[in-house]
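This report goes through a single protein chain, from selected side-chain pairs to the overall fold. The sequence and the model come first.

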Amino acid sequence: KRFTAEAGQEAQRSLQEFLKQLEGAMKRVADLKTALQERKQQMQRAEAISQVEAVEALAAKVTENGAEISDEAKLAEMPFEQIRAAGDVCRSCYLEAQQVMHVAQDVLTMRQIEAKKADDDNESADLARLQQRLRSAMQKIS
């Protein structure tokens, strides 16, 4: 049985309407993918910054605790137990800083690789600045 001209035109109109809906949905999916990618980059950037700030805070703590036992005049006045306790605190801060530093380095390296693959010069420059901050904190720890 053949379709009538009216049935064919109605089918054609329905097809065009569904195609428009499909195009709208595909555009929405593309927009959501773009937004998701931007959010992912923002979260990864925030994680990298957070890791570097944690290393910087621990470096300051190590420096502060180390200053207490690096002054010979203070050491001469301190009892042995207090020197030992200060050394233990300094050592534990140092070990914690080393651990956090390695995690931060891994996060930065991963982000730098992704930025290089994406050919994102701004992101690469930001990550290079974070890398420099991390190196500076590492020098304070050493």
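## A salt bridge within helix 1

R13 and E10 both belong to helix 1 and sit 3 residues apart, about one turn of the helix. The model is a predicted one. The two side chains form a salt bridge, with 3.0 Å between the closest N and O atoms. R13 has a relative accessible area of 48% and is therefore partly exposed. E10, at 41%, is also partly exposed, since that class covers the range between under 20% (buried) and over 50% (exposed).

## The salt-bridge network

A search of the whole structure gives 7 salt bridges. R45, R111, E114 and E123 are linked in a network of such bridges.

Within this network, R45 and E123 meet through their side chains at 2.7 Å, N to O. This pair links distant parts of the chain, with R45 in helix 1, E123 in helix 4 and their positions 78 residues apart. R45 is partly exposed, as its relative accessible area is 28%, whereas E123 is buried at 4%.

E123 also forms a salt bridge with R111, at 2.5 Å from N to O. Here too the pair links distant parts of the chain: E123 is in helix 4 and R111 is in helix 3, which covers residues 80-118, and the two are 12 residues apart. R111 has 3% relative accessibility and so counts as buried. Both R111 and E123 thus fall under the 20% limit for buried residues.

## Q131 in helix 4

Which residues does Q131 contact, leaving aside its neighbours within four places in sequence? They are Q105, L108 and Q112. With Q105 there is a polar contact between the two side chains, at 3.0 Å.

Q131 lies in helix 4, which runs over residues 121-141. Its relative accessibility is 7%, so Q131 counts as buried.

## Other positions in helix 1

Helix 1 comprises residues 5-70, and L22 is found in it. L22 is partly exposed because its relative accessibility is 47%. Together with L15, L19 and M26, L22 forms a nonpolar patch on the surface, and the four residues have about 370 Å² of accessible area together.

K61 is another residue of helix 1. At 40% relative accessibility, K61 counts as partly exposed. The C-alpha atoms of K61 and L134 are separated by 15 Å, and the two residues are 73 residues apart along the chain.

I69 is likewise found in helix 1. Its relative accessibility is 24%, so I69 counts as partly exposed. Setting aside neighbours within four places in sequence, I69 is in contact with L75, I83, A86, G87 and C90. The C-alpha atoms of I69 and A115 are separated by 43 Å, with the two positions 46 residues apart along the chain.

## Overall fold

How many helices and strands does the protein chain have? The secondary structure comes to 4 helices and 0 strands. From the N terminus on, the order of elements is α-α-α-α. The radius of gyration is 30 Å, well over the 14 Å that the globule rule gives for 142 residues, so the chain is more spread out than a compact globule. Along its principal axes, the C-alpha trace spans about 105 × 30 × 15 Å.

Of the contacts with a separation of 6 or more, 72% are between residues 24 or more positions apart. The R45 and E123 pair, 78 residues apart, is an example of a link between distant parts of the chain.

## Surface and burial

Buried residues account for 21% of the 142 residues in the chain. Q131, E123 and R111 are among them.

The protein chain exposes about 10,800 Å², and carbon and sulfur atoms supply 55% of this area. The nonpolar patch of L15, L19, L22 and M26 lies on the surface.

Methods: Residues are numbered from 1 along each chain as its sequence is written. This is a predicted model: local features need pLDDT of at least 70, side-chain atom pairs count only at pLDDT 80 or more; totals for chains, interfaces and linings use all residues. Side-chain values use heavy atoms; hydrogens and water are left out. Patches are made of residues with over 30% relative accessible area and no salt bridge: like charges are joined within 9 Å, nonpolar side chains (Val, Leu, Ile, Met, Phe, Trp, Tyr) within 5 Å. Accessible areas come from the Shrake-Rupley method with a 1.4 Å probe; for residues, only the protein chains shown count as cover. Buried means under 20% relative accessible area, exposed over 50%, partly exposed in between (1.4 Å probe, protein chains only). A polar contact is a pair of N or O atoms within 3.5 Å; within protein, one must be able to donate a hydrogen and the other to accept it, and residues adjacent in sequence count only if both atoms are side-chain atoms. Contact means heavy atoms within 4.5 Å. The radius of gyration is taken over C-alpha atoms; the globule rule is 2.2 Å times the number of residues to the power 0.38.
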